[in-house]
Amino acid sequence: MTKLLTLNAYAKLNIGLRVLGLRKDGFHELHTHMHTIDLCDELTFQKTKSSVEIDIVPVTDIPLEKNLIYKAIRLFQQKSKIDQNVQCKLTKVIPMGAGLGGGSSDAAATLVALNQLFDTNYSNNTLAEWGAGLGSDIPFFIEGGFACAKGRGEILRTLDSPYQDHTFVVIIPSIECSTPEVFKAWDEFADSMSIHDVSCEQMDSQNDLQASACRRYPKLKAYEKLIQSAPTNLKGMSGSGSSWYVGFTNEREAKAYQTQLQSLQLEAHIHCVKAITTTKE
Ligand code: C5P
């Protein structure tokens, strides 16, 4: 019987993000802290003698060649010189354009899965190096946990998490943010006087992309206002939006806040999630 391999691809939150400038290669120099959370997609792989297939639930209209899972499969085949194809079934929970890294996490999980399926034993560092060519935050998702990321987001330093026992209420508006568009808005409107880095220890939940995301997607302003009145100080926007988080040390208070938000009938999904430091099941 053909071996099936199932993995979870976890989402992340950016707890603090500084944009330090536009680089010559068109990317932006960043300093951010990323934390894995237990919201996840599920991917199942198996080898096949026919062509690559990706079966997505719920169905989407993304062309196969544009799917990051497909790109990760092709990248793995090219690097490992293995030409056997695989089939993938993806159960999608992390929405696109939410700033939670769903697509990147799927791609990272694909590299990890194929490494196991073909017994190739590549190190996580090697998979991260390959993944960086596909997307800036794919290296983070190879191991996950809590890390400081610099450069494009691919230069990582693992940190001890101060959020291990925290519960986060994550608000995912039905607004899909384009990361390039939000960075473009930052290029147009950021005030160079306000650009400054902080040390790792001083990183707070400020996100320098927040104003640009709200300018490009004005409907986000309502969520910005909403979380201003949230009952903790650990709160902000994740990545380039559209998601927002509010962190609690007490799970019961987090659940109460989730219930309170649910009663507002927002056009948003509201999840209560745990910050996790290991993605090994
Ligand atoms: O690396 P990734 O494919 O996720 O980036 C998507 C887009 O986001 C890039 O093409 C770029 O426009 C923008 N980006 C950026 N600076 C970064 C990361 C992403 O400008 N550090």
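# Notebook: strands, domains and a ligand

I began in β5, where the bridge partner of L30 is G151. Before going on, I noted that this is a predicted model, in which local features need pLDDT of at least 70, side-chain atom pairs count only at pLDDT 80 or more, and totals for chains, interfaces and linings use all residues. Residues are numbered from 1 along each chain as its sequence is written. My helices (H or I, at least four residues) and strands (E, at least two) are DSSP runs, numbered from the N terminus. I call two strands paired if DSSP finds at least two bridges between them.

**Entry 1: β2 and its partners**

I looked up what β2 pairs with. β2 and strand β5 (residues 146–151) run antiparallel and are joined by six bridges. Here H31 also stands opposite K150 of β5. Next I checked β1, which also runs antiparallel to β2, with 15 bridges between them. One pair I found there is T6 opposite T44 of β2. β1 and β2 make a hairpin with five residues between the strands, and G26 in that hairpin takes a positive phi near 90 degrees.

Then I turned to β4, which is antiparallel to β2 and joined to it by seven bridges. In that pairing K47 faces V86 of β4. Strand β10 (residues 268–276) is antiparallel to β2 as well, with two bridges. T36 has I276 of β10 as its bridge partner.

**Entry 2: the β5 and β6 hairpin**

Which strand comes after β5 in its hairpin? It's β6, with three residues between the two strands, and G153 in the turn has a positive phi of about 125 degrees. Strand β6 (residues 155–158) runs antiparallel to β5, and four bridges hold the pairing. I picked out A147, which stands opposite T158 of β6.

**Entry 3: two domains**

I looked up how the chain is split: domain 1 covers 5–158 and domain 2 covers 167–276. These bounds come from an automatic or database domain assignment. The domain centres, taken over C-alpha atoms, are 22 Å apart. I found 26 residues of domain 1 in contact with 34 residues of domain 2. Contact here asks for C-beta atoms, placed from the backbone, that lie within 7 Å.

On the side of domain 1 that touches domain 2, β1 (5–22) and β2 (28–48) each supply at least two residues. β1 has the largest share of that side, at 10 residues. By class I get 13 nonpolar, 11 polar and two charged residues there. For the classes, Ala, Val, Leu, Ile, Met, Phe, Trp, Tyr, Cys and Pro count as nonpolar, Asp, Glu, Lys and Arg as charged, and the others, Gly among them, as polar.

**Entry 4: the ligand**

What surrounds the ligand? I listed F27, H28, L30, G135, S136, R152, G153, T179, P180 and F183. To be near, a residue needs its C-beta atom, placed from the backbone, within 6 Å. L30, where I started, is in this shell, and so is G153 from the turn of the β5 and β6 hairpin. β2 and α5 (179–189) each give at least two residues to the shell. α5 gives the most, with three. I sorted the shell into four nonpolar, five polar and one charged residue.

Why does the ligand lie between the domains? Domain 1 and domain 2 both give residues to the shell around the ligand, so it lies between them.

**Entry 5: two helices**

I followed helix α1 (residues 68–80) and helix α2 (residues 102–117), whose axes come within 8 Å and cross at roughly 30 degrees. The axes are lines fitted to C-alpha atoms, for helices over the stretch in contact, with angles from 0 to 180 degrees between N-to-C directions. The contact uses L68, I69, K71, A72, I73 and F76 of α1, and G103, S104, D106, A107, T110, L111 and L114 of α2. I sorted that contact into eight nonpolar, three polar and two charged residues.

**Entry 6: odd backbone spots**

Most residues other than glycine have a negative phi, and most peptide bonds are trans. I went looking for exceptions. V57 and P58 are joined by a cis peptide bond, with omega about -5 degrees. P58 sits in the loop between β3 (53–57) and α1. G241 and S242 also share a cis peptide bond, with omega about 15 degrees. I placed S242 in the loop between β8 (235–237) and β9 (244–248). K81 isn't a glycine, yet it has a positive phi of about 60 degrees. I found K81 in the loop between α1 and β4 (85–91).

Methods: Two residues are in contact if their C-beta atoms, placed from the backbone, lie within 7 Å.
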